[in-house]
Amino acid sequence: MRSFVFPEFQIIRDEEKCGQCRACERHCSFGVHTYDPVADRLVSDERKCAGCQRCAVFCPKGAIIVRPSPSYYRPNASWSREKIEDLKRQAETGGVLLTGCGSDKPFRIYWDHIVLNASQVTNPSIDPLREPMELRTFLGRKPDLMEIAAEDGDIEIKTELSPNLVVETPILFSAMSYGAISYNAFRSLATAACRSKTYFNTGEGGLPREMRDEFGRCAIVQVASGRFGIDAEYLNCAQAVEIKVGQGAKPGIGGHLPGEKVSASVAETRMIPPGTDAISPAPHHDIYSIEDLAMLISALKEATNYEKPISVKIAAVHNFAAIATGIVHAGADIIAIDGLRGGTGAAPKAIRDNVGIPTELAISSLDRRLRDEGIRNRCSIITAGGIRCSADVVKAIALGADAVYIGSAALIAMGCTLCQKCYTGKCNWGICTQDPRLSGRLNVDIASARLTNLISAWSHEIREMLGGMGINALESLRGNRDHLRGIGLYEWELDVLGIKGAGE
Amino acid sequence: MGFEIIMPRIRRELYNKEICACSIFGAMNQGGERVSASGVMKAIANMRVRGNGLGGGFAAYGIYPDYKDYYAFHLMFTGKSPQAKQEAKLELEDFLSSRFDVVNDEEIPHDDEVKLRDPPLVWRYFVLPKEGWDDSGIVPSEGDYIADQIMAVNAGIDNAYVFSSGKNMGCFKGVGYPEEVGEYFMLDRMYRAHTWTAHGRFPTNTRAWWGGAHPFSLLDTTVVHNGEVSSYGTNRWYLEMYGYACTLQTDTEVIAYAADLLMRRQKLPLEVVAKILAPPIWNSIDRLPEKERKLLTTLRMVYGPLLMNGPFAVIIGTTGRMIGLTDRIRLRPITAATRGETFYISSEEASIRLISPELDRVWTPNGGEPVVAELKSTKKVLI
């Protein structure tokens, strides 16, 4: 059937500059560029182009420009080009539209409507280049109060403490499984996490055996509905265990890993036959209610000898604050909430773009809910889904988060351009693919250095912003909405965020 | 016909935090000798330039020996008209009589010759909780019960504020220079105390709000404070979780409540409390021997939300104790001194020298390290 869909991208090649070196041809896994030996020139099939910019970046002559093609349709506010073409694709295939990465729809980005405070006169701002500026954060359950026995100046803690994760900066790498991303990308995240004294999350695809000794100390391992790759050693080699209930990009459904990406090594790590689809069930089939979750949390605590905090990750949906409160009562030490703009390796487009709520609103209402219940200290909140820069981290923490997970931001640091073709397994940047020819393009040393640099850069910026507010320890910013003001928001939005309008 | 669906709207946290800089002064006679306020009034007046006449106050310990077993509630009834003040007073007394036995009450004597701006009606009640206050079995202690009632008044009754509530002690405060407030309440003539703390205020706004002057107190814990707490929002939500209603729109209040939570309710030793409010930096903690490192790490982990960030110097008073503390990087001044049995803490040494030119010892405490004066003898106090 002939496709009626127009190419999404236009490829403009400067024939004057092009040296016919065929680098673009080699770099493109989608087969866009081919060499025509008769005409001695390169030709492009724009229909195949994902817009990932690999050829444009790696063209030694800078001869290629890839840009979104203009719409050819009569302008129509209701029937946008995207709507028309998605519909055509479905008419041609009869299937669910798949996509990758976080939602690109213009839902309000609250980060961009919140401004931060700074000290003037009555309170000195603190210079992070000359004074200590502390970002160390503890993630996990804290007791309601501490009992202390003091004898002759000798002070002893009587209260039994729950295990906590310690991070030197409040930024963790979000769950991205081996299988969804390449071994090199996975290993780069692990390396950077250890080097930056933070944690990476294995996602639901297990942790390759040979990585456990070296990277277990900075790993959070996930237990998802598919139960891929889980054994006692997997749980115990890590520093925390996360039960994945939901994901911001696709609340209500499970993970998708097409068989094409299940290589021998992925299969071994996941404990499934090579080449089979790894489709996680939508719910955990042993969790149909909150008490079932409590039992799974207990089971995992038992399996890890009560030495590791248990996190529960849920997607931010309408009633999630009440649900999350239940999760704290069920014994979770950390709650990870993933918002509407959270990324994915593969999700039905209809779900990615229509289900869930923005993470900014979610953090604030969860923080307030837990405070109202008087149990905010019993769990830590890690927020995910749409963190793009250090200022977003600062705002998230002032809205009540303890730390943030970054996924897309980490991938972008490694080279990702958010082309949204992760589900094809043909990632030209070697990130979201299991093709050894492609994944070999990602050098672990370079990628992990880029990630370490990112964490370091953001941490420096967070210190600068904290110092400006006259705060020298991150814990004094947590839930401190006093330092936030909203701009261009409706009253109800300010209410949900719990912040004043600018100038109020 | 039909239903009305009401969406509950969560209120935004629309509090206004007042910002101010200040002078603080404290003097304790560790032998328990009770003295008049004239010295402390002279000392705080000497730091006039640190205030701007928009707030001053005093806390005095040992002033009500005749009623030493009763909680002395100092109430402030504000309002535009005398009627509004009376209405607030009636409402308060209704509330009080349902929960407490009031053994005595009177208007707090004051000198009308001293002209202060918008003085409220200021009244004191000596009370004990009515028998059966603990019948429900859910309130852990009498102190918690009293604190809950104070929160209920301050958050629930318009124009009525309990600003002092301990036994055998009292706070006096208002809008004016501290020495004027002292004269208004005739502190130098009416009362003798073994411990006095004082405060002169420099708020950046001009609203004459008597409740906003220092000291802030809950039960017998009083706080005079110089500084701005940049962690206010964080401290506030943590304290609210433990039932402290922050109604007085100032950051000093959170220090008073934090001190109450940690010292009275959680019974933590003072050294520990100081390390919670002004903890050492991680670089120092990480270098300590294991036992201390573990203690300090745990304290920061558990009580991070009570770290008082930003510049501050405070004098915390409790019965038999006076504590001076500055923030962890010492952004506000504090000086301590002793002479004989008297222990002084002040923003400036000059004020101490003014009333006691000869001193046995004068020093500047380090950031985060508390200086503590303790009553050595309680005999004289109990007379």
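Here are three short exercises on the two chains above, each with a worked solution.

This is a predicted model, where local features need pLDDT of at least 70, side-chain atom pairs count only at pLDDT 80 or more, and totals for chains, interfaces and linings use all residues. Residues are numbered from 1 along each chain as its sequence is written, while chains are lettered from A and ligands numbered from 1 in the order in which they are written.

**Exercise 1.** Work out how the radius of gyration of chain A fits that of a compact globule.

*Solution.* Start with the rule: 2.2 Å times the number of residues to the power 0.38, with the radius taken over C-alpha atoms. For 504 residues that gives a value near 23 Å, and chain A has 24 Å, which agrees. Next, look at the extent: the C-alpha trace spans about 95 × 55 × 45 Å along its principal axes. Finally, check burial: 51% of the 504 residues in chain A are buried (20 or more other C-beta atoms within 10 Å of a residue's own, with C-beta atoms placed from the backbone).

**Exercise 2.** Find how many residues each chain gives to the contact, and which helix of chain A gives the most.

*Solution.* Two residues touch if their C-beta atoms, placed from the backbone, lie within 7 Å. By that test, chain A brings 42 residues and chain B brings 37. Now go through the elements (DSSP runs numbered from the N terminus: helices are H or I with at least four residues, strands are E with at least two). On chain A, strand 8 (148-151), strand 9 (154-157), helix 11 (359-372) and helix 16 (491-497) give two or more residues. Helix 16 of chain A gives the most, with three residues.

**Exercise 3.** Work out the strand order of the open four-stranded sheet in chain B, and which strands stand at its edges.

*Solution.* Strands pair if DSSP finds at least two bridges between them. Following the pairs, you get the order 4-5-3-6, with antiparallel pairing. Strand 4 (100-107) and strand 6 (160-164) of chain B each have a single partner strand, so one side of each has no neighbour in the sheet. Zoom in on one pair: four bridges join strand 3 (residues 71-77) to strand 6 of chain B, and F77(B) stands opposite A160(B). Last, add a helix: helix 3 (residues 142-156) of chain B lies across strand 3, strand 5 and strand 6, at about 140° to strand 6 (axes are lines fitted to C-alpha atoms, for helices over the stretch in contact, and angles run from 0 to 180 degrees between N-to-C directions).

Definitions and conventions. Buried ≥ 20, exposed ≤ 12 C-beta atoms within 10 Å, placed from the backbone.
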